[in-house]
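Got the sequence and the 3D view open? Let's take a walk through this chain together.

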Amino acid sequence: MTQARLQKLYSLGVQYPIMQAGMPVAGNVRLAAAVSRAGGIGTLGLQDVSVWEQSLKQLKQQAADHPVNANLLLPYTRKAHVQAVIRQQVPIVTLFWGKAQPCVRPLHEAGCFLFQQVGSVDEAKQALDAGVDGLIVQGEEAGGHVRGTLKLQELLPQVRALTQEIPCFAAGGIYTAEDVCRAVSLGADGISTGSRFLLTDESGAHSAYKQRLLDASETLKTTLFGLGWATPHRVVPNAATQRWCDKNGAVPAWLDGLNKAFGFTRKIAPFKPDAARGQRADIPFFTNAVIPEHLSAELVESCPLYAGERVKELTDIQPAAQVVQSLAQGFERDETRMQA
Ligand SMILES: Cc1cc2nc3c(=O)[nH]c(=O)nc-3n(C[C@H](O)[C@H](O)[C@H](O)COP(=O)(O)O)c2cc1C
């Protein structure tokens, strides 16, 4: 059944149902191209509209004939992002955090395979009604912005029960072949991970950020880094979270209010990684921007260090192709088990 559901993706040239999640800054052209060339689904994280089309073009060139994915993080997506995806004939698109419906027709008319990442059964139903071609089921243990409140183990079987027709990928703490096997046993046809691919040679995250993840043993779910977009996200603690969050990640009500009051900036300000420049742990203006390599390493104390709850399982930085190969073993083991 899984093989039948994956047929469309295989026909696009995907070799393994392994997706590198869209991540601004970390999920740059270099990483996405490396993942796609290795047979997985490499994803370009959303970028400012001024550079987006050029990056899509470069990604298609660097991925050679392998299929690539564009991530449309809907609260920051403008019409021009969608038009660029269509013009560049990007074969796969992943939507996150919003209604798929307005994007479905134009992207389908352009021939895109359309995933939506969802965090609840209701959201999965809405995505199916809108006509998406695949779902990514995000468990609450996921790194980055966390859409729902249920762990993958609980949510995935419920979403699987809604559809036998289209592929369901699992996201949240899937870093090894064993994790892949577990996800498959819960009903997943494929997997998506951000944190595992962030810790690769090719990812565009700052090396000091990568080191903090390697050293980390726990994460915190908070809304601290929410200036302009006050939604829950999972991060590794740093000086900013220590200064402003309680032990459960909650921030003072006035700070939440401040973050929400800046919501209007989301649609007008450029979506630039340099937004993190000048951020300080003691000054509570915390954007969601990830630190790029060219900014100061000291920003690890005041910028979001997004990572999944199982961060302590991540102990090394690998080439992206090696990550794809080792996760793929989880699918091969599962097939062997089925044949036995
Ligand atoms: C650094 C980082 C940035 C992320 N940014 C996005 C994003 O822009 N769009 C998106 O669809 N998901 C984003 N995510 C969430 C992933 O899609 C996915 O749900 C998550 O990485 C799964 O959990 P894992 O990190 O434990 O693998 C991000 C995750 C991380 C770690």
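Start at Gln 89, which sits in the loop between helix H5 (79–87) and E4. Keep in mind as you look that this is a predicted model. What is the phi of Gln 89? The value is near 50°, which is positive even though the residue is something other than glycine. That's worth a second look, because most residues other than glycine have a negative phi. Is Gln 89 buried or exposed? Count the other C-beta atoms within 10 Å and you get 11; the cut-off for exposed is 12 or fewer, so Gln 89 is exposed.

Now hop over to Val 25, found in the loop between E1 and helix H3 (29–37). Here's another positive phi in a residue that is not a glycine, this time about 70°. The surroundings of Val 25 are another story: 21 other C-beta atoms lie within 10 Å. Since 20 or more is what it takes to count as buried, Val 25 is buried.

Time to zoom out. The chain contains 14 helices and eleven strands. Its radius of gyration is 19 Å, close to the 20 Å that the globule rule gives for 340 residues, so the chain is as compact as a globular protein of that length. If you drew a box around the C-alpha atoms along the principal axes, it would be roughly 55 × 40 × 35 Å. Of the 340 residues, 51% are buried. And if you take the contacts between residues at least 6 apart in sequence, 63% of them link residues at least 24 apart.

Next, the sheets. Eight strands make an open sheet with parallel pairing, and the order across it is E1-E9-E8-E6-E5-E4-E3-E2. At its edges you'll find strand E1 (18–20) and strand E2 (42–44), each pairing on one side only. Ignoring direction, neighbouring strands in this sheet are turned by 25° against each other on average. Helix H6 (residues 101–109) packs on this sheet, where it touches strand E3 (68–73), strand E4 (92–96) and strand E5 (113–118). The direction of H6 makes about 155° with that of E5.

For a look at one pair of strands, try strand E8 (residues 168–171) and strand E9 (residues 190–193), which run parallel and are joined by three bridges. Which residue in E9 is the bridge partner of Ala 171? That's Ser 192.

There's another open sheet to find, built from three strands in the order E7-E11-E10, and its pairing is antiparallel. Strand E7 (144–145) and strand E10 (220–222) have a single partner strand each, so one side of each is left without a neighbour in the sheet. Three bridges connect E10 to strand E11 (residues 233–235), and these two run antiparallel. Leu 220 has Val 235 as its bridge partner in E11.

Last stop: the ligand. It is surrounded by 30 residues, and the closest are Phe 96, Gly 143, Gly 144, Gly 194 and Gly 308. Which elements supply at least two residues each to this shell? They are E3, E4, E9 and helix H10 (195–198). H10 gives the most, with three residues. Sort the shell by class and you have 14 nonpolar residues, 15 polar ones and one charged residue.

Conventions: Residues are numbered from 1 along each chain as its sequence is written. This is a predicted model: local features need pLDDT of at least 70, side-chain atom pairs count only at pLDDT 80 or more; totals for chains, interfaces and linings use all residues. Two strands pair if DSSP finds at least two bridges between them. Helices (H or I, at least four residues) and strands (E, at least two) are DSSP runs, numbered from the N terminus. Axes are lines fitted to C-alpha atoms, for helices over the stretch in contact, and angles run from 0 to 180 degrees between N-to-C directions. Two residues are in contact if their C-beta atoms, placed from the backbone, lie within 7 Å. A residue is near a molecule or strand if its C-beta atom, placed from the backbone, lies within 6 Å of it. Ala, Val, Leu, Ile, Met, Phe, Trp, Tyr, Cys and Pro count as nonpolar, Asp, Glu, Lys and Arg as charged, and the others, Gly among them, as polar. The radius of gyration is taken over C-alpha atoms; the globule rule is 2.2 Å times the number of residues to the power 0.38.
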